Amino acid sequence: MMNAGETETIVRAGGPDKARLAALLKRGYQAFASRKLGEAGAAAREVLTHAPRLKEAHFLVGLIASESRDTATAVRAFKSVVGLDERDAAGWAQLARLYAMLGQYGNSETALERAVALSPGMPIVMDTIGGVFSALGDQAEALRWFDKAAAKEPGHPQFAFNRANALLFLGRFDEARAALDIVLKAHPDMPRAHWMVAGLSKAKDRKHIAEMAEYLGSRGYTPLSQSFLLYATGKELEDLEDWDAAFEAFEAGAAAKRAATDYDEAAEVQLFAALKSAFTAEWLAAQKGKAPAADAPIFIVGQPRTGTTLVERIIAAHGDVEAAGELQQFAMSMKRLSGLSTPLPMSAEVLEAVAAMDAALVGHAYIEATKPVRGTRPHFIDKMPVNYLYAPLIAAALPKAKIVHVRRDPMDSCFASYKQLFAEAYPHSYNQREMARHHARYLKLMEDWRALMGGRLIEIEYEKLVTDTEAETRRLIAALGLAWDDACLDFFNNDGAVTTASAAQVREPAHTRSVGRWRRYEDKLSAMRNELLAQGVAV
């Protein structure tokens, strides 16, 4: 990676244009740093017109494309960088990051190995490598690289923030808070840092709430930035049992996030209809291919915030099982085999193409794609909740895999999502009625899958699990075909990483505090409740 001040020494165009191109490239990097992407792109294109083999110009194109979410262009640009200089650690690190985003974990691991082998000394490259390890599920190694970057520049807020994130995942909350203090010293009004602080511990007073209120009132935040502060405020008010004020904050946070979120409900309705049309009893009966005999995968599916992470922690405490995280490989395997490209996580066209092929192909592709993120234990957990969509295909593609479906009371489930700020997933969760309609579609789909799949679904009810943890855990472990392991009841002492919104909560024993939580806000959730009832869901 280069900085703008170095351009004069690297342009090799020759002739009188050399200085002009150097200045133009420098200006392009400066424009990118100021987020003037159009200006930066124009500069990069002009430089490449005269110096097409200048790797720094290709690198700039890759950065611009990444920022614009044009992943295909970004991959091509960084491939050009390492093609021109195979010892460019920054180029390999960026490729590894992009491949991980695309779910191409084998390619990501290969590029990551190249980056690491080059022993990069630039802290920004170390930070990028740490981010790739985090995306691949190795939080301990991610932290090691974030530590390296922070050691080079101890006060750098980005490096401190990424360290805090890894420390949070690893359950090292005091250290995470110390890292966030570094971030907030440099950027005291950074919304996401305040949101992380709120999630690390239970609020004991209103000091932090007042601080966030001051920023909300005095800064011109975007709706997305507002949502971080509002959800953090709601969480701390809920800690203090100020239920009315907490709901006001959650409601305002949801409205702000919804304003910054693209959600096409009609496309979701179409997707659910396509699922039912694609995976029928006739389709299932026609599956006669040689599916993998692997019994390693354990899928945990359902809605978010319903106890899927709790179930993952219980199973992962078993000596024969490891948690691989929320993997994208199953859906990504479907998309690759279909040969179709879509900006959506899944589309009706992809489903139609996959339903027309042998399910065994998907099974083999998934087993191959998960190799880089699996360890040496006999079984691994794939805790991607939305894999419930493809449960019949999973059953056909991987006949020996186990599928655990976690259920929770509809109102508790919907409200738990409504008051949670997600990254880019679950766009339906920021409006009460949209959340309720989505949940109704999910429940109806699972009814269809239950009828179609017979006993392949292992059903776990959250309320039963937290009320009678030992009995339900013993039933679950037996249903998975595993020998009993006492460690499964001691899951909260498992020091493995947790990379979900539940990272702090699941490091304590199972409890019933969240059962019926929605009733604290019953009078404010009438839109959600009425929509569920209108959709035929028993509340």
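T261 lies in the loop that connects α14 (243–259) to α15 (265–278), in what is a predicted model. The residue is buried, because its relative accessible area is 15%, below the 20% under which a residue is called buried. Its side chain reaches back to the backbone oxygen of K257, at 2.5 Å, and, leaving aside residues up to four places away in sequence, T261 touches P427 and Y430.

**Confidence of the model**

The mean pLDDT of the chain is 92, and 94% of its residues reach 70 or more. Residues 1–16 are another matter, since pLDDT stays under 50 over this stretch, for which the model nevertheless has 28 contacts beyond four places in sequence. Where pLDDT is low, the predicted coordinates should not be read in detail.

**Helix α1**

Helix α1 takes up residues 17–33, and its 17 residues should span 24 Å at 1.5 Å a residue, which agrees with the 24 Å between its end C-alpha atoms. The buried residues of this helix are L21, A22, L24, L25, G28, Y29, A31 and F32, and what covers them includes α2 (37–50) and α3 (55–67). After α1 comes R35, which has a positive phi, near 60 degrees.

**The paired strands**

Strand β1 (residues 297–302) pairs with β3 and is also joined to β4, while β2 pairs with β3. The table sets out these pairings, each with one pair of residues that stand opposite each other.

| Strands | Sense | Bridges | Residue pair |
|---|---|---|---|
| β1 (297–302) and β3 (379–382) | parallel | three bridges | I298 and I381 |
| β2 (321–323) and β3 (379–382) | parallel | three bridges | A323 and I381 |
| β1 (297–302) and β4 (402–407) | parallel | five bridges | F299 and I403 |

I381 of β3 thus appears in two rows, as the bridge partner of I298 and as that of A323. Within β3, H379 and I381 point one way and F380 and D382 the other way, and all of these residues are buried.

Strand β1 is likewise covered on both faces, with P297, F299 and V301 buried on one side and I298, I300 and G302 buried on the other. Six of the six residues of β1 are buried, so this strand is largely enclosed by the rest of the structure. The two residues of β1 named in the table therefore belong to opposite faces, F299 to one side and I298 to the other, and both are among the buried residues of the strand.

Methods: Residues are numbered from 1 along each chain as its sequence is written. This is a predicted model: local features need pLDDT of at least 70, side-chain atom pairs count only at pLDDT 80 or more; totals for chains, interfaces and linings use all residues. Side-chain values use heavy atoms; hydrogens and water are left out. Helices (H or I, at least four residues) and strands (E, at least two) are DSSP runs, numbered from the N terminus. Buried means under 20% relative accessible area, exposed over 50%, partly exposed in between (1.4 Å probe, protein chains only). A polar contact is a pair of N or O atoms within 3.5 Å; within protein, one must be able to donate a hydrogen and the other to accept it, and residues adjacent in sequence count only if both atoms are side-chain atoms. Contact means heavy atoms within 4.5 Å. pLDDT is the predictor's confidence in each residue, from 0 to 100. Two strands pair if DSSP finds at least two bridges between them. The expected span of a helix is 1.5 Å times one less than its number of residues.
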